[in-house]
Amino acid sequence: MLDKKRRDGSELYKDKKDLVSRINLIEKYGTNDFNQWLLKKLKLQQGEKVLDIGCGNGSQILAYSQVTNNIVGIDLSESLLREAKKRIKEFAPGKDFVLIRENGENIPFKENTFDVVTCNFAIYYMNEKEVMTEIKQVLKPYGRFLIASPPDDTSREMVEMHYRVAKYIPPQYQPGSSDLRKEVLPVAKKIFCNLSLELFVNPIVFPDVETFMEHYMSSTLYVQSKEWCENLLFRMKKEAQRVFAERGNITVTKKVEALKGYKRGLV
Ligand SMILES: C[S@@+](CC[C@H](N)C(=O)[O-])C[C@H]1O[C@@H](n2cnc3c(N)ncnc32)[C@H](O)[C@@H]1O
C-alpha cells in the first residue's frame, strides 16, 4: 500500500505551480512529444468517447481533441481543472468537454460508457486495483485503456546530479514503474486481455542552468528533500553550472512506460 501523502496528489502538489511549471518545461525543451506518441499508440478514432483519469491541466485532453470531440476529464484538483478549462478555451476554442472533480477510484459513469480510458502520470496517487476495476466497469466491451507512468530510471541524469550533491534520495521519491509493473500489471492480467508494455524516450535539453534549476525545483526530488538537505539549492546550482560548463547543455532523459490493454467482449 502506498503512503497517504503519495496517494493524494493534491497534497503532494500543494503548490500547483510546481506541476504546471514541470509540464510546461518538458513541452518546451523535450526532443519528442509524448502526447503525439500517445495518440499513435491509442489509434484514437473520430467520435470515440474518451475518459482521462487524473487529467491535470488538460495536456492529454488537448491532444485527444485533435481527433475526437467526445472527451471527459476527471481530477481531484479544482485548480488544475480550472487551468485545463482555460487551456481548452485558448487552444481548442469552441470545444466543450466535460471536466469534473471526481476520484479515479470511484468513477461516476455507467457501465460500458467509454471506447477509451487513459490515466497518464497519475495512477501512482491512487489505489491501482480500485482504479483498474473502475476502468473495466466504464469501458465498453472491446474498449481499450492505456496507463502511462515513468519507469525507475527516468530522469537518471538529474537524479544522479541530485545524489552527488545531497547524498540523499527521499524515500517517497519513486518515479513509478514499480507500480506499473508490480502493482498494475498483475491486476490488469486478471481483468483485461491483449496487454502490452511500450516505452517512450524523451531527452529534455535545457539550454541554460536557470531553466534546468526551474525544472529541478518543480520535481518531487527537490520538494521532498529541501527540508533535509542543507543549502540544497545553492549546491545543486553549482553542480548544474559544472555540468553545463562541461557539456554546453544539461540533458535529462525522461522515459515513460505505457501499459495498454483491452476489455474482453461479451463472453
Ligand atoms: C502528475 S499529474 C498528471 C496530469 C496529467 N495527466 C498530465 O500528464 O499532464 C497527476 C494528476 O493526478 C491527479 N490525481 C491524484 N489523485 C487522484 C485521484 N484519486 N483521482 C483523480 N485524480 C487524481 C492530481 O490532481 C494531478 O492532476
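**Stop 1: the largest nonpolar core.** Select Leu51, Ile53, Met132, Ile135, Phe145 and Ile147. In this predicted model, these residues have the most contacts inside the largest nonpolar core, a group of 28 residues. Now colour the elements that feed it. Strands S1 (50–53), S2 (71–75), S4 (114–120) and S5 (139–149) each supply at least two core residues. So do helices H7 (128–138) and H9 (177–191). Which element gives the largest share? Helix H9 does, with six residues. Such grouping fits a general pattern: in soluble globular proteins, nonpolar side chains tend to be buried together.

**Stop 2: Leu51.** Keep Leu51 selected and show what surrounds it. Beyond the residues up to four places away in sequence, Leu51 touches Val72, Ile74, Ile107, Phe109, Phe114, Val116, Val117, Thr118 and Val138.

**Stop 3: a second core.** Next, select Cys55, Leu62, Leu81 and Ala92. They are among the 25 residues of a second, separate core.

**Stop 4: the ligand.** Move to the ligand and show the 20 residues around it. Which of them come nearest? They are Gly54, Asp75, Asn103, Gly104 and Asn120. Sort the shell by class and you get nine nonpolar, nine polar and two charged residues.

Then zoom in on three atom pairs:

- Gln60: a polar side-chain atom lies 3.0 Å from a ligand nitrogen.
- Asp75: a polar side-chain atom lies 2.6 Å from a ligand oxygen.
- Asn120: a backbone N or O atom lies 2.9 Å from a ligand nitrogen.

Switch on the surface. Taken alone, the ligand exposes 600 Å², and the protein buries 97% of that. Now highlight helix H3 (16–29) and helix H5 (59–64). These are the elements that give two or more residues to the shell around the ligand.

**Stop 5: Asn120.** Finish on Asn120, which lies in strand S4. Is Asn120 buried or exposed? Asn120 counts as buried because its relative accessibility is 3%, and the cut-off for buried is under 20%. Select Asp52 as well. A polar contact of 3.4 Å joins the side chains of Asn120 and Asp52. Last, show the other partners. Leaving aside neighbours within four places in sequence, Asn120 is in contact with residues including Phe34, Leu38, Ile53, Gly54, Gln60, Tyr64, Leu146 and Ala148. Two names here link back to earlier stops. Ile53 is one of the residues with the most contacts inside the largest core, and Gly54 is one of those that come nearest to the ligand.

Terms used
Residues are numbered from 1 along each chain as its sequence is written. This is a predicted model: local features need pLDDT of at least 70, side-chain atom pairs count only at pLDDT 80 or more; totals for chains, interfaces and linings use all residues. Side-chain values use heavy atoms; hydrogens and water are left out. A nonpolar core is a set of buried Ala, Val, Leu, Ile, Met, Phe, Trp, Tyr and Cys residues joined through side-chain atoms within 4.5 Å. Buried means under 20% relative accessible area, exposed over 50%, partly exposed in between (1.4 Å probe, protein chains only). Helices (H or I, at least four residues) and strands (E, at least two) are DSSP runs, numbered from the N terminus. Contact means heavy atoms within 4.5 Å. A residue is near a molecule or strand if one of its heavy atoms lies within 4 Å of it. A polar contact is a pair of N or O atoms within 3.5 Å; within protein, one must be able to donate a hydrogen and the other to accept it, and residues adjacent in sequence count only if both atoms are side-chain atoms. Accessible areas come from the Shrake-Rupley method with a 1.4 Å probe; for residues, only the protein chains shown count as cover. Ala, Val, Leu, Ile, Met, Phe, Trp, Tyr, Cys and Pro count as nonpolar, Asp, Glu, Lys and Arg as charged, and the others, Gly among them, as polar.
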